[in-house]
Structures are given as structure tokens and as C-alpha cells.
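Me: Please take me closely through a single part of the chain shown below, and then follow the packing outward from there. I would like the criteria spelled out wherever a term depends on a cut-off.

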Amino acid sequence: MAPYGPQGAQGSHASSTGQSLTEPGWLDAHFEACRTEYEAMLSWVGIEPGWCVLDAGCGSGSYIPFLAELVGRSGRVAALDLASENVAFVEEQAPRWGLACPVEARVGSVSALPYPDGVFDAVWCANTTQYFGDEDLPAVMTELRRVVRPGGLVAVKDVDMNLLRLYPADPFLVSHLSEASLRAERVNAESRGSLRGRELRRWLERSGLTEVRQWTALIERWAPLRPVERKFFGEWLAYLAGLAEERGVPEKDLATWRAVRDPAAPDNLLDHPDFYACEGQVVAVGQVPPADSRSPGDGV
Ligand SMILES: C[S@@+](CC[C@H](N)C(=O)[O-])C[C@H]1O[C@@H](n2cnc3c(N)ncnc32)[C@H](O)[C@@H]1O
């Protein structure tokens, strides 16, 4: 998943906030296409039964049933999102999910979390910090850390667009788009955030978390695609193709991008019998240090 910008463009699957790729239909398709790897990434965090966990930037709530399963009957899940309709969607769906524990959803921002200090055992923040530029990320990290108790966990997952690879196509097809996005006249935070995934470990360390570890997962899919994978890659590549037109990628790449936007095109990559796509997602986890090891002025 790559935001990359621009906000609110056609085919950008934007929610009411204007951020691209944030509306529930898109988020559900993405999650279903990548469920195996995404649930493995969440399992790897180390969330324990009985914990109270915040899903920060919960989107359509795709992770909530599994989070509830991990914390079990004695645990609790809180969910927060900037887009009010995403929160409404979660509230509407939750009774149908048959959750193991209560879930409470609310509207808010990860840059000013509406919770007291240290109330959670862990925070799970998936594909949300990628919407922030480097200058704003430290404040978000401070917030995520603030609401977790000493000894608890902060887990951040983001895409790394440098790992997206399509076949059969020029091996540099996506690299050209990444480069063009970063060099665009008005680079937005999302362009940078989408390329920062494998740096997350260092950002967590810099925020004062300890025992930081990181796992980069490659999500590889081959033709024949399952219908949900066809839907996800079809929508995502069409979105990226729109950006390629705007951002000034090399002329020779445009034929490939134009074909992925056109379901009837005979050379549409998605219909190629050898189609392969590899998406890279990164999860970094750190521990909030014990209260007595915090130094004054470290921001929490
Ligand atoms: C790409 S979606 C990921 C949703 C979900 N975590 C998932 O992985 O399926 C990013 C989500 O973060 C939300 N978001 C963006 N900026 C936010 C902010 N400042 N505070 C809280 N949520 C935010 C968006 O509304 C959207 O639901």
C-alpha cells in the first residue's frame, strides 16, 4: 500500500480526510489480499492475553478481530482513526465480528491521542505513520510512546515502496515513479513516508524505545491471482498509473502504466500469465523503558 499522494485525486480511494488509500472498501480489499502476511506481522509483535491494546489509525478495522483474539476475553481493544466514517464503519461492523473482548472506537489523531499517559499495554499502528513527513514523525512517535505503560510495546508497520516489484515489466518501473514522486515540485509527506519503511527501526530507537526489532515481509503474488488479489492489485496499480502520468516518469514507462489502467488492454500486466508482484511491508517494535530509566526532558 502506498499513499504517495496526491490527495483526493480520482481513483485515490480517499476518505473524508482527503488522504489517498484510506477508505474502507479499499482497505478491506488490501487486507484480504495480504491477510496471511499481515496477521503474521501482528503475531510477531508479542501482544499478550489480557492486554489493553490501541489500534492507532484503525481504518476499516481489519486488524481488530485478530487483535481481540490475541488479547482474549480478559483483554480490551481501543481503535482510533482520523476519518470519522472509518470509526463509524468499525462501530457498525464490530457486533458482526463476534469479538472475544470489548472494542471502543473513537475519532482522533495519532499526533494528539485522546488518552491519558500509560493506559495501554501496546499500540499497533499500521500504515498510518507513512502519512507523516520526517519533520512530523518524531511528535507522533512521542504520542504513541506516551500512551503505553513502561515495559509495554509500540509497534509501527509501514509500506516500503522501494520493495514493490512488478513482472513482466522494466525492473525500474516503480523506482522511476518513486524518484519522480520525491522530485515532484510539491512533494507531500506521503511520498517520503512511503519510502521510509526500512528506516523505522531507527525512528523507534530515536524516540527512546528499547529492545527495538524489525521485520521486513515480502508479500509475493503470482498469476493466477485470486479474485481479491486481482481486485487489490488492479486498483492499486491503476492508482499508481495515475500518479505516473502526473509525476513525469520516463516516456517509455507510460505504455505499461496506461495498460494497467485499462481492463481491456491486451498488454495489461495483470492479465499476463507470468504476472508477479512483490510488495514490501515493514514492522518495527520497541519497548517503553521502565519509568525509572527515563531521562528528564526525553519528551514523555
Ligand atoms: C492506509 S490506512 C491503514 C488502516 C489500517 N491500519 C490498516 O492497516 O488496514 C491509514 C489509516 O490511517 C488513518 N489516519 C491518517 N492520518 C491519521 C492521523 N493523523 N491520526 C489517526 N489516523 C490517521 C486514515 O484515516 C486511515 O484509516
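Reply: Asparagine 127 lies in the loop that runs between strand 4 (120–126) and helix 4 (137–146), where helices (H or I, at least four residues) and strands (E, at least two) are DSSP runs numbered from the N terminus. The model is predicted, so that local features need pLDDT of at least 70 and side-chain atom pairs count only at pLDDT 80 or more, while totals for chains, interfaces and linings use all residues. Residues are numbered from 1 along each chain as its sequence is written, and side-chain values use heavy atoms, with hydrogens and water left out.

Although asparagine 127 is not a glycine, its phi is positive, at about 55 degrees. This residue has 7% relative accessibility and therefore counts as buried, given that buried means under 20% relative accessible area, exposed over 50% and partly exposed in between (1.4 Å probe, protein chains only). A useful counterpart is glutamate 211, another residue other than glycine with a positive phi, near 50 degrees; glutamate 211 is placed in strand 7 and is exposed, with a relative accessible area of 62%.

Helix 4, which bounds the loop of asparagine 127, has seven of its 10 residues buried, so it is largely enclosed by the rest of the structure. The buried set consists of Leu137, Val140, Met141, Glu143, Leu144, Arg145 and Arg146, and these residues pack against strand 1 (52–56), strand 4, strand 5 (148–159) and helix 7, with contact taken as heavy atoms within 4.5 Å. As background, an α-helix has 3.6 residues a turn, so residues three or four places apart point the same way.

From helix 7 one can step to glycine 197, found in the loop between helix 6 (189–193) and helix 7 (200–206). Glycine 197 counts as buried because its relative accessibility is 0%. Leaving aside neighbours within four places in sequence, glycine 197 is in contact with Asp158, Val159, Asp160, Gln214 and Val282. Its C-alpha is 7.9 Å from that of glutamine 130, although the two residues are 67 apart in sequence.

The UniProt record, in an unreviewed entry, annotates residues 53–152 as "domain: Methyltransferase"; UniProt positions are given in the numbering used here, feature names are shortened, and such annotations may be inferred rather than shown by experiment. Over residues 53–152 the chain is 32% helix and 27% strand, and the C-alpha atoms at the two ends are 10 Å apart. Alanine 79, in strand 2 (residues 76–81), is buried at 0% relative accessibility. Beyond the neighbours within four places in sequence, the contacts of alanine 79 include Leu54, Asp55, Cys58, Ile64, Val103 and Tyr115.

Turning to helix 1 (residues 24–45), this element packs with helix 2 (residues 64–71) at an angle of about 35 degrees, the axes being 11 Å apart; axes are lines fitted to C-alpha atoms, for helices over the stretch in contact, and angles run from 0 to 180 degrees between N-to-C directions. The contact is made by Glu39, Leu42 and Ser43 of helix 1 together with Phe66, Leu67 and Leu70 of helix 2. Tyrosine 38, also in helix 1, is buried, with a relative accessible area of 1%. With neighbours within four places in sequence set aside, tyrosine 38 is in contact with His30, Phe31, Tyr63, Lys157, Ile219, Glu279 and Gln281. The C-alpha atoms of tyrosine 38 and lysine 157 are separated by 9.6 Å, with their positions 119 residues apart along the chain.

Two cis peptide bonds deserve a look as well. One joins tyrosine 167 and proline 168, with omega about -5 degrees, and proline 168 is placed in the loop between strand 6 (165–167) and helix 5 (173–183). Helix 5 contributes buried residues, among them Leu173, Val174, His176 and Leu177, and its buried residues pack against strand 6, helix 6, helix 8 and helix 9 (251–260). The other cis bond joins alanine 223 and proline 224, with omega about 0 degrees, and proline 224 lies in the loop between strand 7 (210–222) and helix 8 (227–247). After helix 8 comes glycine 248, whose phi is positive, near 80 degrees.
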